[in-house]
Amino acid sequence: MEWTEHTAPEGPVFLTAATIPYRHGFSTRFGGVSTGDLASLYLGEHREDAPENVRENYRRFGAAVGFDPARMVFTRQVHGNAVRTVTAKDIHALMTPVPYDADGIVTAEPDLALLCFTADCVPVLLADGKQGVVAAVHCGWRSSVGDILKNTLDAMRALGARPEDVAAAIGPSIGFCCFEVGPEVAAGVETYLRGDTAGLTRPSPNGEGKVYLDLREANRRRLVQLGLDPQKIAVSRACTMCRPDKYWSYRVVGQRRGTMAAAIVISE
Amino acid sequence: MKKYPAKLITALLILALLFSACSQAELTGKSGASGGSEETDALQGTPLTAREPADHVFSINYDPEGSFNPVRAENAANMQFWSLLYDCVFYQDQNFELGTEIVTSWTSDDYIWWVFNVRTDLVFSDGTPLTAHDVAYSIQTAKNTSYYSGRLDLIYGISAMSDDVFAITTAYADSMLPALLTVPIIKRGDYYEDYPVGSGPYVLNETRTALEKNPLYRHADELPLDTIYLKDYTDTSERITAFEESRIDVVTNDPTGMYNVGYGSSNEIRYMDTSNLHFLGFNLLSKYFSNIRTRSAMAYAIDRATIAAELMGTDCGVAAVLPVHPKSPLYDESYAANYAYNPKRAESLFRSVIDDLDNDGALEMLVTGIVVELNIKFIVNGDSSAKIAAAQQITDCLNEMGITTHLYELSWEEYIEALETGDYDLYYGEVRLGADWDMSYLYEVPGINERLKGEWEQNYFRTQDTTYTELYAAFLAAPETERYERFQELAHYIMDTAIILPICFERRQVLTHRGVVSGLVATQFDLFFNIKDWNVNLN
Ligand SMILES: [Zn+2]
């Protein structure tokens, strides 16, 4: 099985991919303490829920995946293509202002948890188990066509990683079943993949040049183009928009929503 | 001639057989729909009270005209006490855990070829030794009966290799095969006898009016009673009166079934868990439920706790989110909790695909771009008041959210017809699961993913998703160390796709008079399970 879904003793239901050699996990909505619209594993920090609930949710998710919530690094995600290499100096305490914008982060430091947040967008975790380099990337369509994955691999190579040793996990996100986009997005993907777009889109019945896009597959293809071994790329089949009860979906629940976290840490 | 699904029919027949002793007759217990009342009372509301035992002997009901053959299993009344006369190859205890007093060890490398070693110190009541030949014969003949074929149909071949070894080959790998071998042992050659020779704790006396202790039984010294008297009360009202007057001392009751009979209060009521699962099934070609979001919304629209505690007869259901009994170690309570009753979440999930699209005040949904008025057809077999009550509650919950749903109470024939023709959106189903919890046959499609030819004629879900059967096959074939993991994969997949939504497992009542029996722990197949641990006080 490429993907395994776990129910942690602490409560969180989360997914792991067999390809990734380090501790990591993709959260779901299940297993936290938040209630109402934010039920239950709400991992946001500047929305409606009480700080103690958010802290408890992070504690649970950290315990489930196996990282220390006091040693997390994350950024303000802006749908750009900037990638930042981080160290322990970048550890970010919950409920404090996020210091910088970036949609990808990379580290070679052990026991430092990298997190990215998604609700429909594609979360990608990368790991070179030989050189000890990992990355967490938030791939919305803008970041994707901005080639953030290439920028991420460049940053990983700068730390010694080699593409052929890099494993990837492309997590739960909006699926080919549900991701309707305009013609400008399809054109962007065409450029992004240098034309290797067979089967990535199908026409939408809603007209106006709209199509359904398989963004996960687009990103998988890009990773192969960048030199990853296709055997080492796990792609989740879970669609956030199909199951807004289990995953946070921006397109279904709109602004009053939480986010899923994808976390990875270089571990023994 | 319509072809009915063999397994479902068998399951229903078993239920009918087991409880036809308390036949529907002129009495019906207070329907489960009343809910909430702590005791059911029979006989037009006249409360029954326990009286002093009428006699100082222990008696049970039987049918003197019927067969006592536990392998042929043709007489429901006499099947209730088969374990007093016969041993069982394997048993499952009240917690669905496997046990045996017959088999000393067993091995299998691939879970297809199995070798079992049998004790060599056991004898039948006629003094002849019980051997592996008798065990193999009993399983082989049982496999050909409608009563046992459901659990034994995976067996390809069985043969005794010596007096103490027999071997089985199966059509597919199932590491839980021993748990399916809950088969009584009769002496080789006795299949056509109406009272085959057995090796159980008791024997039938010459006049067939009582069970006498079998002096050759290995636990003869520990048995609580020397004699158990057999009384012939075939008529339901007679039976109730006989129990009320202590002329019989133990009866069972299925408050959820077709033959729901109310017995008096002031008795001791114990429950036996069964593997009978109630569930919601979908027509996956239905315009409403081809959408995964509406199906998953339904998971939160089932108030399982209330259905289990009130609607199935008092406490005669055990709420279950996952397709395995909550008593089983496979059941992950913490994962199941994520799917607890939550009408608000159900409503918001429905609302994400359903809205008042044409401003007519009613809700519609878009199906492939076309506005469709909501009118869900929900079917239930109307023979069971408990099922109707449960289905009605789910229907009410949907209608309160504005999801227009009509419940159709159908006769068994109409119900099967609707399932076969696809004339439904949602159905209330019931299935008796085997000891390996296998329900993959519900998803089988002939020629695509069927494991046993001719087993299942119709797939009511109308799906061709073979992942289910693959995940079930992986679970069944998993060694014990991996079974839990494989089951979680399966359960999560079922909940992710929301193809089937478990509701609850049934429990049955075992009624005795207060203070008469202690130590009674019935199992779904054996009312007298472990009778040597009973204490009986007839004074
Ligand atoms: Zn989808």
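In the predicted model, four strands of chain B form an open sheet in the order S4-S5-S7-S6, and their pairing is antiparallel. Two strands stand at the edges: S4 (103–107) and S6 (155–162) of chain B. Each has a single partner strand, so one side of each is left without a neighbour in the sheet. From one strand to the next, the twist averages 20°. Strand S6(B) runs antiparallel to strand S7 (residues 165–170) of chain B, and six bridges join the two. Within this pair, Ser159(B) has Ala167(B) of S7(B) as its bridge partner. A helix also packs on the sheet: H4 (residues 132–143) of chain B. Helix H4 touches strand S5 (113–118), S6 and S7 of chain B. The direction of H4 makes about 165° with that of S6(B).

A second open sheet of chain B also has four strands, in the order S1-S10-S9-S8. Here the pairing is mixed. Strand S1 (59–61) and strand S8 (202–204) of chain B are the edge strands, and each pairs on one side only. The twist in this sheet averages 30° from one strand to the next. Strand S8(B) pairs with strand S9 (residues 210–213) of chain B in the antiparallel sense, over three bridges. In that pair, Leu204(B) stands opposite Leu211(B) of S9(B).

Parallel pairing appears further along chain B. Strand S17 (residues 376–381) and strand S18 (residues 405–410) of chain B pair in the parallel sense over six bridges. Helix H12 (residues 385–400) of chain B joins S17(B) and S18(B) in a right-handed β-α-β unit. Strand S17(B) is also joined to strand S19 (residues 426–432) of chain B, by two bridges, and these strands run parallel. One residue of S17(B) illustrates both pairings. Ile379(B) stands opposite Tyr408(B) in S18(B), and opposite Tyr427(B) in S19(B).

These elements belong to a chain of 539 residues. The secondary structure of chain B comes to 15 helices and 22 strands. Half of the chain, 50% of its residues, counts as buried. Among contacts in chain B between residues at least 6 apart in sequence, 70% join residues at least 24 apart.

The domain assignment divides out two parts of chain B: domain 1 (63–230) and domain 2 (274–507). The C-alpha centres of domain 1 and domain 2 of chain B lie 36 Å apart. Where these domains touch, the contact takes 16 residues from domain 1 and 16 residues from domain 2 of chain B. On the domain 1 side, helix H5 (146–152) and helix H6 (177–180) of chain B each supply at least two residues. By class, that side of domain 1 of chain B has eight nonpolar, five polar and three charged residues.

Chain B also touches chain A. The contact takes 15 residues from chain B and twelve residues from chain A. Four helices of chain B each supply at least two residues of its side: H8 (292–299), H10 (333–336), H11 (343–351) and H15 (480–497). By class, the side of chain B that touches chain A has three nonpolar, seven polar and five charged residues.

Some backbone details deserve a separate look. Most residues other than glycine have a negative phi, and most peptide bonds are trans. In chain A, a cis peptide bond joins Ala39(A) and Ser40(A), with omega of about -10°. Ser40(A) lies in the loop between strand S3 (23–27) and helix H1 (51–65) of chain A.

Positive phi values are found in chain B. Phi of Ala73(B) is near 50°, although this residue is not glycine. Ala73(B) sits in the loop between S1 and helix H2 (76–79) of chain B. Phi of Ser246(B) is near 60°, again a positive value in a residue other than glycine. The loop that holds Ser246(B) runs between helix H7 (236–244) and strand S11 (250–253) of chain B. Are these two residues buried or partly exposed? A residue is buried if 20 or more other C-beta atoms lie within 10 Å of its own. Ala73(B) has 20 other C-beta atoms within 10 Å, so Ala73(B) is buried. Ser246(B) has 19 C-beta neighbours inside 10 Å and therefore counts as partly exposed.

Technical notes:
Residues numbered from 1 in each chain as written. Chains lettered and ligands numbered in written order. Predicted model: local features only at pLDDT ≥ 70, side-chain atom pairs only at ≥ 80, totals over all residues. Pairing = 2+ DSSP bridges. Axes fitted to C-alpha atoms, helices over the stretch in contact; angles between N-to-C directions. Contact = placed C-beta atoms within 7 Å. Nonpolar A, V, L, I, M, F, W, Y, C, P; charged D, E, K, R; others polar. Domains from an automatic or database assignment. Right-handed = clockwise from strand over helix to strand, strands pointing away. Buried ≥ 20, exposed ≤ 12 C-beta atoms within 10 Å, placed from the backbone.
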